[in-house]
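Student: Could you take me closely through one part of this predicted model, the surroundings of the ligand, and then follow the chain outward from there? I would like one connected account rather than a list.

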Amino acid sequence: MNAQSNVTVSKARFVLGSRGSTAGRPIALVLGSGFTGLSGMVKTVQRVPYTSMEGFALPPNISLQKMPEATIGTIDGASVIVYPRRLHLYHGYTAFEVTTLVRHARSCGCHTVVFVGASGAVDPSAEARLGLVSDHLNLTGENPLAGWRRSTDSFVPMEHAYDAELRDMAKKVASERGIDLLEGVYAEMRGPSLETPAEVRALRVLGATFVGMSLSLETIMARALGMRVLALTLATNPAGASGVSHRSVRAEVTSSARDLEAIVRGVVSRI
Ligand code: HPA
């Protein structure tokens with residue numbers, strides 16, 4: 001982290017510090033495109049532009065009307081840092097760069113990260129349903145830890161990558177609120193091309209429930225940094241379907257935003 005964001009983060013910690021015992025350990029919420037509306041839940045204390053984060057750069061082929069920024073604040077009194085606009089391999093980022101937000105969250109004291117994103121339904125029964133990720137298949141051929149020089153062992157156990165206690169919490173919140181939540185395996189493809197029919201068949205054989213273009217690299221980094229991970233996904237379309245676009249995904253997300261918000265709120269308040 002550079003000097004500017006260091007100052008910002010310690011100031012935010014100071015402000016959050018007056019708001020309860022969890023303040024020193026905010027929860028990171030990393031949101032996929034289309035889910036940025038969830039930032040509306042946050043009572044803002046401080047904003048941190050992504051450009052102030054160490055290692056963050058816009059890929060040369062992307063121009064944004066508004067620079068993304070993290071929001072440090074509270075949801076129902078719990079300290080959070082919300083990161084809208086996840087970084088993807090298909091933007092041109094390296095696997096390590098894709099994990100910039102996770103590393104930033106850890107450096108700000110977050111020990112838990114909640115990922116929210118869209119996916120395609122590999123299992124036909126998953127279509128248009130909210131998913132709770134129990135495991136992943138990293139099919140990108142990349143690993144953010146490769147070549148990363150750190151003092152501890154680079155063989156990171158991934159057996160319990162998606163925290164069982166957090167998953168139970170999410171299931172409990174969903175059932176209390178009558179929200180349908182399907183637990184399953186998320187396969188990450190590099191993208192941005194969508195899956196061919198042969199790939200969808202292969203993903204079924206591999207045991208995938210959902211397919212998307214994020215999550216596994218970020219989860220690997222989070223686990224390497226000792227963070228607990230919860231991942232929620234909305235299966236916006238059948239995998240391999242025609243007519244899938246950023247716009248169609250967003251429209252589907254909007255219709256489920258309330259349920260997602262309820263689960264995130266419920267989990268954040270119980271951690
Ligand atoms: N495939 C990959 N990623 C996605 C999809 C899909 O069908 N839908 C939303 N994100």
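Tutor: Strand S5 gives the largest share of the shell around the ligand, namely 3 residues, and S5 (112-121), strand S8 (210-212) and strand S9 (228-238) are each the source of at least two shell residues. Named along the chain, the residues around the ligand are Ala118, Ser119, Gly120, Leu194, Glu195, Val211, Gly212, Met213, Thr236, Asn237 and Val249. By chemical class, this shell holds 5 nonpolar residues, 5 polar ones and 1 charged one. The space that the ligand takes up is the largest pocket of this predicted model.

Within that shell, the ligand's nitrogen atoms have several polar partners. A polar side-chain atom of Asn237 is placed 2.8 Å from a nitrogen atom of the ligand, an N or O atom in the side chain of Glu195 is 3.0 Å from a ligand nitrogen, and a polar backbone atom of Ser119 is 3.4 Å from a nitrogen atom of the ligand. The ligand taken alone would expose 260 Å², and the protein buries 92% of that area.

Asn237 also has a partner within the protein, since its side chain and that of Thr236 are joined by a polar contact of 2.7 Å. Thr236, which belongs to strand S9, has a relative accessibility of 10% and therefore counts as buried, the cut-off being under 20%.

Between S8 and S9 in the numbering lies helix H6 (residues 216-224), and because 8 of its 9 residues are buried, H6 is largely enclosed by the rest of the structure. The buried residues of H6 are Ser216, Leu217, Glu218, Thr219, Ile220, Met221, Ala222 and Ala224. After H6 comes Gly226, which has a positive phi, near 75°.

Returning to S5 and continuing past its end, one enters the loop that runs between S5 and strand S6 (130-138), where Pro124 is found. Pro124 has a relative accessibility of 60%, and so it counts as exposed, for which the value must be over 50%. Although Pro124 and Phe210 are 86 residues apart along the chain, their C-alpha atoms are separated by 9.6 Å. Ala128 lies in this loop between S5 and S6 as well; its relative accessible area of 45% makes Ala128 partly exposed, and its phi is positive, near 65°, in a residue other than glycine. Such a value deserves a second look, because most residues other than glycine have a negative phi. Arg85 likewise has a positive phi near 65° without being glycine. Arg85 sits in the loop between strand S4 (78-83) and helix H2 (95-98), and with 39% relative accessibility it is counted as partly exposed.

Two further loop positions complete the picture. In the loop between strand S7 and helix H5 (197-206) is Pro192, and the peptide bond that leads from Gly191 to Pro192 is cis, its omega being near 0°. Here too a general comparison helps, as most peptide bonds are trans. On the other side of S7 (181-188), the loop between helix H4 (164-176) and S7 contains Ile179, which is buried, with a relative accessible area of 10%. Ile179 and Ile263 are 84 residues apart in sequence, while from C-alpha to C-alpha they are 8.5 Å apart in space.

Key:
Residues are numbered from 1 along each chain as its sequence is written. This is a predicted model: local features need pLDDT of at least 70, side-chain atom pairs count only at pLDDT 80 or more; totals for chains, interfaces and linings use all residues. Side-chain values use heavy atoms; hydrogens and water are left out. A residue is near a molecule or strand if one of its heavy atoms lies within 4 Å of it. A polar contact is a pair of N or O atoms within 3.5 Å; within protein, one must be able to donate a hydrogen and the other to accept it, and residues adjacent in sequence count only if both atoms are side-chain atoms. Accessible areas come from the Shrake-Rupley method with a 1.4 Å probe; for residues, only the protein chains shown count as cover. On a 1 Å grid over the protein atoms alone, a cavity is a set of points where a 1.4 Å probe fits but cannot get out, and a pocket is an open set with protein on both sides within 12 Å along at least five of seven lines; lining residues have an atom within 4 Å of a point. A molecule sits in a cavity or pocket if more than half of its atoms lie within 2 Å of its grid points. Helices (H or I, at least four residues) and strands (E, at least two) are DSSP runs, numbered from the N terminus. Ala, Val, Leu, Ile, Met, Phe, Trp, Tyr, Cys and Pro count as nonpolar, Asp, Glu, Lys and Arg as charged, and the others, Gly among them, as polar. Buried means under 20% relative accessible area, exposed over 50%, partly exposed in between (1.4 Å probe, protein chains only).
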